[in-house]
Protein chains: 2
Amino acid sequence: MLNETVKAIPRECGDCPIRHRAVCARCEADELEQLDKIKYYRSFQAGQPVIWAGDKMEFVGSVVSGIATLTQAMEDGRTQMVGLLLPSDFVGRPGRETAAYDVVATTDMVMCCFRRKPFETMMAVTPHIAQRLLEMTLDELDAAREWMLVLGRKTAREKIASLLSIIARRNASLTFGKITGPMVFDLPLTREAMADYLGLTLETVSRQISALRKDGVIVLEGKRHVTVPDFNRLMEEAGDDSDGGLLA
Amino acid sequence: MLNETVKAIPRECGDCPIRHRAVCARCEADELEQLDKIKYYRSFQAGQPVIWAGDKMEFVGSVVSGIATLTQAMEDGRTQMVGLLLPSDFVGRPGRETAAYDVVATTDMVMCCFRRKPFETMMAVTPHIAQRLLEMTLDELDAAREWMLVLGRKTAREKIASLLSIIARRNASLTFGKITGPMVFDLPLTREAMADYLGLTLETVSRQISALRKDGVIVLEGKRHVTVPDFNRLMEEAGDDSDGGLLA
DNA sequence: GACGATCCTTGATGCAGATCAACCTTTGCC
DNA sequence: GGCAAAGGTTGATCTGCATCAAGGATCGTC
């Protein structure tokens, strides 16, 4: 039950691993000081909900480490993941009272939270924050639209390959930006969560992963540890020839 | 070949039908004057492309009247519509050199265009514009995520009902906001364009529309003119019970 | 070390929607 | 008036993925 102190928590913005990518990326020292007054860190264990759709949002904030999912549900229980929240991604919408989606931590996760009201008033007078948030929102919109193509037009095999290539790419960008040689990473999602993201069933996800493994597109050790020997091959399987466009 | 003067074009922002909803909604008189210097109107005929993905964006702007679509294509020809652009919607992304999607007018359309570079510099010094653009982008992001649920988890019948309910709702909000009594409107899209939006084939769209007609959910006169006798019934068919959330 | 829980895999079967195909209606053009 | 093109409907058939079902692997707990 001790869900505080799950992980070492940064104290100072200077130490913060997402300092240069988060909503505060453009802020000057004095602006960071102001933010510091309304911020606090919160830890979540893998599987723990951050907030449910319809709940009152008391805070907004940034993912510092770990991964969370944004999910939408229908009354009859069908669900669709609508976003994957990675370090530096922003949670919550300024100006909105209640959460629109379920947010769940899928790994242990740390968030840098800002009390919502003060954050909103600060945003109104600090163009650096609003500017950065606009930029991030435009990126998210692009990602959502890219995902609409995946959901609407790709086959199950292509969907899996698309998801793997996103995770691989984003991992490369976090570690070191070399996209040559084999890429190695751990899947941060269960088969069920992948199915939720891809608009498939977990059985289909499992089968297609097995198929990609059999065809040598990926190498699996255990259920989660993936090696991609040839990234271009994976991209072809995803239907994104040549450059492709899915963004991290 | 005369694609100018397709429609009466507003001259003054004061007359503009989208004045209070577009990216300029929050602007003061002096800011409008500045915008006026970099703006020009452009008309497009139904079916005409506005811009192709990859083209250099010389302008951004607002849809004044008519409807356009935002479409993404795969190399092998599969396409997915990723947005429907209605009056007041914004086209283009400040800071981006080239278009990310194909934009095509599906009805005769008028746009209020701003030369991109001057618009970007103006945005940097005019918080009213950036604020409004952030708001609009957040709304679009919500709409895109709502659509991800439609694409990923709904049946063909539910997809058609979802599309009809969006069009119906948005029409109601443009004319007069009464959602009681029968709603009547014309479909602004061909069966093929609907299929593109919904991730279906045009045959399936046609069949499901016929089915909804047979079941009395909608009444059709000709191929495009739709009457919805009971909007709540339509919402149920869309899988969005009670309030639902799809936004205009 | 037996158990239940969670996560995953694989097989058998069924069905929603894709595909292939024919034909209708409307519109514009010679 | 003939005819080609665009948009739409409907039927027959095929297939990719869902569904139903069984069982394996790993883990924590008593």
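# Notebook: two chains and two DNA strands

**Entry 1: a threonine to start from.** I picked Thr227(B) and found it in strand β11 of chain B, which covers residues 225-228. A note to self before going on: this is a predicted model. Is Thr227(B) buried or exposed? I'd call it partly exposed, because 13 other C-beta atoms lie within 10 Å, and a residue needs 20 or more to be buried.

Next I looked up what Thr227(B) touches. Leaving out neighbours within four places in sequence, I got Pro182(B), Val184(B), Ile218(B) and Val219(B). I also checked Glu146(B), which sits 81 residues from Thr227(B) in sequence. In space the two are 24 Å apart, C-alpha to C-alpha.

**Entry 2: helix α6 of chain B.** This helix runs over residues 202-214, so I looked at its length. It has 13 residues and reaches 18 Å from first C-alpha to last, close to the 18 Å expected at 1.5 Å a residue.

Which residues of α6(B) are buried? I listed Val205(B), Gln208(B), Ile209(B) and Leu212(B). Looking down the axis of α6(B), I saw these buried residues fall within an arc of 105°, so they line one face of the helix. A reminder from class helps here: an α-helix has 3.6 residues a turn, so residues three or four places apart point the same way. On the other side of α6(B) I found Glu203(B), Ser210(B) and Lys214(B), which are exposed.

Just past the helix I ran into Gly216(B), which follows α6(B) and has a positive phi, near 75°.

**Entry 3: where chain A meets chain B.** I counted contacts between the chains: 30 residues of chain A are in contact with 29 residues of chain B. On the chain A side, β5 (79-85) and α3 (127-153) each supply at least two residues. Which element gives the largest share of that side? It's α3(A), with 18 residues. By type, the chain A side divides into 14 nonpolar, eight polar and eight charged residues.

Then I laid chain A on chain B. A turn of 180° with a shift of 0.0 Å along the axis does it, with an RMSD of 0.0 Å. The two copies are thus related as by a two-fold rotation axis. The same surface serves both copies, as 97% of the contact residues of chain A recur in chain B.

**Entry 4: DNA strand C.** How many residues surround DNA strand C? I got 17, and the closest are Thr190(A), Ser206(A), Ser210(A), Thr155(B) and Thr204(B). Three helices each supply at least two residues of this surface: α5 (191-198) and α6 (202-214) of chain A, and α6 of chain B. The most comes from α6(A), with six residues. I sorted the residues near strand C into four nonpolar, six polar and seven charged.

**Entry 5: DNA strand D.** Here I found 16 surrounding residues, the closest being Thr155(A), Thr204(A), Thr190(B), Ser206(B) and Ser210(B). At least two residues each come from α6 of chain A, and from α5 (191-198) and α6 of chain B. What gives the largest share of the surface near DNA strand D? That's α6(B), with six residues, the helix from Entry 2. The split by type near strand D is four nonpolar, six polar and six charged. I also spotted that Ser210(B), listed as exposed on α6(B), is among the closest residues to DNA strand D.

Terms used
Residues numbered from 1 in each chain as written. Chains lettered and ligands numbered in written order. Predicted model: local features only at pLDDT ≥ 70, side-chain atom pairs only at ≥ 80, totals over all residues. Helix = DSSP H or I, 4+ residues; strand = E, 2+ residues; numbered from the N terminus. Expected span 1.5 Å × (residues − 1). Buried ≥ 20, exposed ≤ 12 C-beta atoms within 10 Å, placed from the backbone. Arc of directions from axis to C-beta. Contact = placed C-beta atoms within 7 Å. Nonpolar A, V, L, I, M, F, W, Y, C, P; charged D, E, K, R; others polar. Near = placed C-beta within 6 Å. Least-squares fit on C-alpha atoms with pLDDT ≥ 70 in both.
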